[in-house]
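Colleague: Please take a close look at one strand of this model and go through its pairing, its burial and its salt bridges in one connected account.

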Amino acid sequence: GLLGEDPGAVLRLLAPRTVFRRIDTTPPGADIFSGLYVGAFGPHGPELLQMKRSMWGAEAAGAECVTAFKLSGDVNVPSGMASFRAKVGREHRIDHHGVYPEELGVVAAYKGEGRVAQEGFANAHWVEGELLHLDGKGNMLTDGAELGFVWAVPGERRFLILFSRILLPEEI
């Protein structure tokens with residue numbers, strides 16, 4: 001093996017600084033806002049996220065929302081933390097016509113918040129953003145991505161990260 005004859009050696013090395021949790025691999029069915037997704041986070045490279053549908057706290061009277069949790073993190077927003085969230089009920093759709101190029105294939109857009117932080121999760125805070133439901137047709141612009149999230153970081157440009165669903169072998 002990688003560390004010789006002792007398969008438990010890896011766990012003993014990781015144990016003091018690693019938290020292990022099971023990933024819910026229940027097939028998401030037709031719910032676009034549930035499941036495992038991969039997105040390219042610029043210089044941080046590809047990262048795996050788990051989208052979960054839930055309720056947005058009491059301040060929004062329990063509005064239906066989706067939250068994307070990082071399963072693989074980076075130096076800014078680590079694994080286990082929420083990367084973005086958005087209210088996704090029909091009543092929370094926003095007009096996207098004329099905002100994004102037609103080639104992007106935006107089916108629906110929802111107001112949300114994206115998490116930004118400095119290295120080491122310092123100064124972590126939420127910024128305005130939009131969750132985009134895409135048609136997933138696989139054109140040159142989106143390469144088949146089903147979702148996108150636009151971060152609107154004050155003082156910087158807006159930036160879009162595209163997300164493609166990961167299908168595990170039992171889901172194929």
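Modeller: Arg53 stands opposite Val66 in β3. The model is predicted, and everything below is computed from it. The contact between Arg53 and Val66 belongs to the pairing of strand β2 (residues 46-55) with β3, which runs in the antiparallel sense over seven bridges. β3 also pairs with strand β4 (residues 82-87), again in the antiparallel sense, over five bridges. Within that second pairing, Thr67 has Arg85 of β4 as its bridge partner.

Burial comes next. Strand β3 covers residues 64-70, and five of its seven residues are buried, so the strand is largely enclosed by the rest of the structure.

The side chains add further links between β3 and β2. Lys70 and Glu47 meet in a salt bridge, with an N to O distance of 2.8 Å. Lys70 lies in strand β3 and Glu47 in strand β2, so this salt bridge ties together parts that are 23 residues apart in sequence. Both partners, Lys70 and Glu47, are buried, a term that stands for a relative accessible area under 20%.

Glu64 forms a salt bridge with Arg53, and the closest N and O atoms of the two are 2.4 Å apart. Here too the pair links distant parts of the chain, with Glu64 in strand β3 and Arg53 in strand β2, eleven residues apart. Glu64 counts as partly exposed because its relative accessibility is 31%. Arg53 has a relative accessible area of 34%, so Arg53 is partly exposed. Arg53 is thus the residue that stands opposite Val66 in β3 and also the salt-bridge partner of Glu64. Asp31 enters the picture at this point: Asp31, Arg53 and Glu64 are linked in a network of salt bridges.

For the wider setting, the count of salt bridges in the model comes to seven. One of them lies between other strands: the side chains of Glu130 and Arg158 meet at 3.8 Å, N to O. Glu130 is in strand β7 (residues 122-134) and Arg158 in strand β9 (residues 158-165), and the pair links distant parts of the chain, 28 residues apart. The relative accessible area of Glu130 is 11%, so Glu130 is buried, whereas Arg158, at 45% relative accessibility, counts as partly exposed.

Back at β3, the strand is paired with β2 and with β4, and salt bridges join its Lys70 to Glu47 and its Glu64 to Arg53.

Terms used
Residues are numbered from 1 along each chain as its sequence is written. This is a predicted model: local features need pLDDT of at least 70, side-chain atom pairs count only at pLDDT 80 or more; totals for chains, interfaces and linings use all residues. Side-chain values use heavy atoms; hydrogens and water are left out. Buried means under 20% relative accessible area, exposed over 50%, partly exposed in between (1.4 Å probe, protein chains only). Helices (H or I, at least four residues) and strands (E, at least two) are DSSP runs, numbered from the N terminus. Two strands pair if DSSP finds at least two bridges between them. A salt bridge is a side-chain nitrogen of Lys or Arg within 4 Å of a carboxyl oxygen of Asp or Glu.
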